[in-house]
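Open your viewer and set the display to cartoon, with side chains ready to switch on. We will go from one selection to the next and look at what is there.

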Amino acid sequence: MYSPYRLSVLGVLTVIGYVGALTISSAQTHVTGYINDSIILAVSYQISNTTDWLQIRWDMVHPKHVHLLICTVQFGTQPKHSMFPENGYESRMTIIPENGSLNITHLKVEDSGTYKVSMLNNELEKEMLIDFTVLPVRTEDPAPGADTAGYCICSGNISSVDVATSAWILLGRRLSSIFIAVLVLLGMHFKTWNRFRSRTLKMVPPNRQLW
C-alpha cells in the first residue's frame, strides 16, 4: 500500500510528466523578412517517447485568419509524415517535420502578420505566436570604388569613357598644370624685379632721378 505522502508525490510526478509530454519553444517571437526572399519561422518541440503521432498546424491569426498548413507526423521504426494541402498555402509554404518550423518562399507584403503554431498529440495541445514582418527589398551595396557623393569621372574607370572625352580630360589636366606653373613663375619674376628696383633706388643720389 502507498502512504498518503507517496501518493501525493506520485500525483505531482504524474502532472509534471503530463505537462512535459509536449513543449514548444522558439528563439525569436518577432521575425523580419524581405520581399521575394525566403524565411523560416523557426520553432522546436519536445515530446515523450510514448507519443505515437504529432499534428503540427500553422495559421495566420492577424490581420486576417488564414489556415496555412497541417503536417501529421507518425513515429515508429520508420517515421513518416503527410501535409495538407500538399503544396502548402499558395504553394509557397512547407513544414519541417523534424522541428515544426514553417518555411515560406517568395515573400509578399501580405505575408506580414501574427502566426500561430499549434501542436497536438495523443495527450495534449500546445501553441505559440510569432510576429512576422515583410519589408521592401534591401538596397544593394554600392560597387567597390563607386563615388556615392555625386557624379564624377574617376581615373580608374577612364577606359569606359569615349576617346574624345578622355582626350579632353587629359588636355584639361595638362592645361591646368601649365597655368599654375606660369602663375608661379610670374610671381617669382615680380618678386625679383621689386627687389632689384628697391636696390637701384637706394643707389641713386637724392637730387637725381632714375628716369
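Start by selecting tyrosine 115 and phenylalanine 132: both are buried. Keep in mind as you look around that this is a predicted model.

Now show the two rings. They form an edge-to-face aromatic pair, with 6.0 Å from centre to centre and 70° between the planes. The structure holds 1 aromatic pair. Tyrosine 115 sits in strand E10 and phenylalanine 132 in strand E11, so the pair ties together parts that are 17 residues apart in sequence.

Next, add isoleucine 104. Leaving aside residues up to four places away in sequence, its contacts include Tyr115 and Phe132, along with Ile39, Leu41 and Met93 among others.

Widen the selection to the largest nonpolar core, which has 30 residues. Which of them touch the most other members? They are Ile56, Trp58, Leu102, Ile104, Tyr115, Met119 and Phe132. Strands that each supply at least two residues of this core include E1 (22-25), E5 (53-62), E10 (113-120) and E11 (125-135). The largest share, 5 residues, comes from E6.

For the last stop, return to the cartoon and pick out three strands. They form an open sheet in the order E3-E9-E8, with antiparallel pairing. At the edges are E3 (39-41) and E8 (93-95), each pairing on one side only. From one strand to the next, the twist averages 20°. Zoom in on E3 and E9 (residues 102-104), which pair over 3 bridges in the antiparallel sense. Here isoleucine 39 stands opposite isoleucine 104 in E9.

Technical notes. Residues are numbered from 1 along each chain as its sequence is written. This is a predicted model: local features need pLDDT of at least 70, side-chain atom pairs count only at pLDDT 80 or more; totals for chains, interfaces and linings use all residues. Side-chain values use heavy atoms; hydrogens and water are left out. Two strands pair if DSSP finds at least two bridges between them. Helices (H or I, at least four residues) and strands (E, at least two) are DSSP runs, numbered from the N terminus. Axes are lines fitted to C-alpha atoms, for helices over the stretch in contact, and angles run from 0 to 180 degrees between N-to-C directions. A nonpolar core is a set of buried Ala, Val, Leu, Ile, Met, Phe, Trp, Tyr and Cys residues joined through side-chain atoms within 4.5 Å. Buried means under 20% relative accessible area, exposed over 50%, partly exposed in between (1.4 Å probe, protein chains only). Contact means heavy atoms within 4.5 Å. Rings of Phe, Tyr and Trp (its six-membered ring) pair if their centres lie within 6.5 Å; planes under 30 degrees apart count as stacked, over 60 as edge-to-face and the rest as tilted.
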